[in-house]
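Here is a short note for a colleague opening this structure for the first time. Please keep the sequence and the 3D view side by side while reading.

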Amino acid sequence: MYIEKINTANDIKKIDKKNLPSLAKEIRTFLLENVSKTGGHLASNLGAVELTMALHYCLDMEKDKIVWDVGHQAYVHKILTGRKKDFPTLRTLDGLCGFPKPSESKYDSFVAGHSSTSISAAFGMAVARDMRGSDERIFAVIGDGSFTGGMVYEAMNNAGRSGKDIVVILNDNEMSISGNVGAVSRHLSDLRTQSSYLNAKERVHKAINKMPESLGKPMEKGLRFVKDGVKHMLVSGVLFEEMGFNYIGQIDGHDINELIEVIGNIKKMHGPILLHVKTKKGKGYAFAEKDPSKFHGIGKFDVKTGKTVSKGDVKNYSDVFGDTLCAMAETDKKIAAVSAAMIDGTGLQKFAEKYPKRMFDVGIAEQHAVTFSAGMAALGMKPVFAVYSTFLQRGYDQIVHDVCLQK
């Protein structure tokens with residue numbers, strides 16, 4: 001088994017590329033066997049197997065940095081950095097942490113638990129790298145769901161105009177960002193990562209710079225106009241390009257050879273880059289592919305049937321809350337429910353089914369959720385924002401200014 005050869009960082013480089021698909025299957029089997037016994041985040045990790053492998057194959061983990069957004073998809077990263085043996089202790093007291101944790105391993109570059117933070121952290125690392133004169137590559141891996149958090153755009157606005165070397169990998173597994181226009185877009189992406197394209201682009205710029213200003217400036221402006229026109233017609237990443245990132249994508253996040261080729265080419269490029277990778281949550285396990293929400297964060301389960309280990313008919317606090325809110329909303333039409341992408345976790349499934357027009361999921365945006373609720377309340381509604389206390393940390397300022405101060 002190839003997975004037995006993975007005992008520390010960079011061991012994956014010793015495995016022949018033709019055997020990497022077999023290693024991917026073994027990693028998925030390993031995840032299923034272990035997470036079924038301990039519980040944990042399964043669907044997201046099954047979907048990130050090839051992407052993680054490609055990053056480790058192309059980067060030097062003794063030097064380069066990967067910042068995982070949220071971090072719940074970093075199990076494969078932990079397997080590839082010598083922590084296989086610790087998986088029976090996943091999410092237990094003094095056991096393997098379910099998220100990246102620098103105190104657990106030097107290969108975890110940043111603690112992650114909230115979403116939408118990776119680009120900010122990675123850009124900070126890129127600035128520090130340049131200040132101290134080192135040359136490590138900095139990669140941020142972020143899911144499309146995290147793009148509902150405003151911090152992402154604050155970071156991209158800052159990083160995109162800096163010109164610094166930073167790579168953001170958008171792991172798109174929910175089709176929340178529209179696809180490109182077929183083969184033409186794919187061809188453009190391939191061209192833009194090849195050295196021949198980059199060299200040609202550089203030669204054109206040098207030639208224009210040698211021309212008299214009266215001739216060179218209009219020509220440069222004309223070329224830019226043509227390039228931007230083609231880009232707007234064919235590429236879905238215009239938003240990222242406008243923020244200063246060189247957009248590359250989409251590519252198949254389960255084609256290990258293509259991932260290695262593209263990431264290998266990106267390493268030769270400079271400036272802020274966004275690579276758009278398309279993956280499937282729960283990849284390789286039929287039950288998780290069919291119901292990725294159930295297997296996002298799951299307790300112990302039977303691998304053969306996909307059924308969770310029963311805890312009996314005892315209701316938890318979230319169930320009681322959800323049932324009570326439904327009962328109250330039946331007699332009070334002003335009651336509405338608000339969630340920050342946590343309808344299932346906060347017990348609002350029944351409410352969403354029974355009162356869909358009074359259920360508002362604002363995405364991973366707790367600050368917005370608080371002020372959004374305050375706005376509803378200001379016009380006489382009774383919004384109930386159901387949120388984990390650990391996630392509400394982000395909304396403290398809004399609670400004070402937009403709820404308490406407004407009475």
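The points below go from the whole chain to single residues.

1. **Overall make-up.** This is a predicted model. The protein chain holds 17 helices and 8 strands. It has 407 residues, and 47% of them count as buried. Take the contacts in the chain with a separation of 6 or more: residues 24 or more positions apart account for 69% of them.

2. **Strand 2, an enclosed strand.** Start with residues 138-143, which form strand 2. Is strand 2 largely enclosed or open? Of its 6 residues, 6 are buried, so strand 2 is largely enclosed by the rest of the structure. The cut-off behind this is a relative accessible area under 20%. Look at both faces of the strand. Ile138, Ala140 and Ile142 point one way. Phe139, Val141 and Gly143 point the other way. Residues on both sides are buried.

3. **Partners of strand 2.** Which strands pair with strand 2? One is strand 1, residues 65-68, which pairs with it in the parallel sense over 4 bridges. Another is strand 3, residues 166-172, also parallel, joined to strand 2 by 5 bridges. Phe139 is a handy marker here. It is the bridge partner of Ile66. In strand 3, the bridge partner of Phe139 is Val167.

4. **The crossover.** Follow the chain from strand 2 to strand 3. Helix 6, residues 151-160, belongs to the same unit as these two strands. Together the three make a right-handed β-α-β unit.

5. **Asn171 in strand 3.** Asn171 is found in strand 3. Is Asn171 buried or exposed? Its relative accessibility is 4%, so Asn171 counts as buried. Leaving out residues up to four places away in sequence, Asn171 touches Ile142, Gly143 and Asp144, among others. Its contacts also include Ala48, Leu51, Val277 and Thr279. Of these, Ile142 and Gly143 are residues of strand 2.

6. **Helix 3.** Leu51, touched by Asn171, is also one of the buried residues of helix 3. This helix covers residues 49-58 and is mostly covered. In fact, 10 of its 10 residues are buried. Among them are Glu50, Thr52, His56 and Tyr57. Val49, Met53, Ala54, Leu55 and Cys58 are buried too.

7. **Ile273 and strand 5.** Ile273 lies in strand 5, residues 272-278. Its relative accessible area is 0%, so Ile273 is buried. Setting aside neighbours within four places in sequence, Ile273 is in contact with Ile166, Val167 and Val168, among others. Its contacts also include Phe245, Asn246, Ile248 and Ile266. Val167 has already appeared as the bridge partner of Phe139. Compare the chain positions of Ile273 and Lys164. They are 109 residues apart along the chain, yet their C-alpha atoms are separated by 9.5 Å.

8. **Asn246 in strand 4.** Asn246, a contact of Ile273, has its place in strand 4, residues 246-252. Its relative accessible area is 18%, so Asn246 is buried. The cut-off is under 20%. Asn246 and Pro272 are 26 residues apart along the chain. Their C-alpha atoms are separated by 6.3 Å.

9. **A cis peptide bond.** Strand 4 deserves a second look. Gln250 lies in this strand. What kind of peptide bond joins Gly249 and Gln250? The bond is cis, with omega about -10°.

10. **Two positive phi values.** The loop between helix 4 (75-79) and helix 5 (118-132) contains Arg91. Ser116 lies in the loop between these helices as well. Arg91 is not a glycine, but its phi is positive, about 60°. Ser116 also has a positive phi, near 75°, in a residue other than glycine. How accessible are they? Arg91 counts as partly exposed, at 42% relative accessibility. Ser116 is buried, with a relative accessible area of 2%.

11. **The cavity.** How many cavities of 30 Å³ or more are there? The count comes to 1. The largest cavity has a volume of about 30 Å³. Strand 1 gives the most to its lining, with 3 residues. Ile66, Val67 and Trp68 are among the lining residues. His77, Pro100, Tyr107, Asp108, Ser109 and Phe110 also line this cavity. By type, the lining divides into 6 nonpolar, 2 polar and 1 charged.

Technical notes: Residues are numbered from 1 along each chain as its sequence is written. This is a predicted model: local features need pLDDT of at least 70, side-chain atom pairs count only at pLDDT 80 or more; totals for chains, interfaces and linings use all residues. Side-chain values use heavy atoms; hydrogens and water are left out. Buried means under 20% relative accessible area, exposed over 50%, partly exposed in between (1.4 Å probe, protein chains only). Two strands pair if DSSP finds at least two bridges between them. A crossover is right-handed if, with the strands pointing away from the viewer, the path from the first strand over the helix to the second runs clockwise. On a 1 Å grid over the protein atoms alone, a cavity is a set of points where a 1.4 Å probe fits but cannot get out, and a pocket is an open set with protein on both sides within 12 Å along at least five of seven lines; lining residues have an atom within 4 Å of a point. Grid points are joined across faces, edges and corners, and a volume is the space filled by probe spheres set on the points. Ala, Val, Leu, Ile, Met, Phe, Trp, Tyr, Cys and Pro count as nonpolar, Asp, Glu, Lys and Arg as charged, and the others, Gly among them, as polar. Contact means heavy atoms within 4.5 Å.
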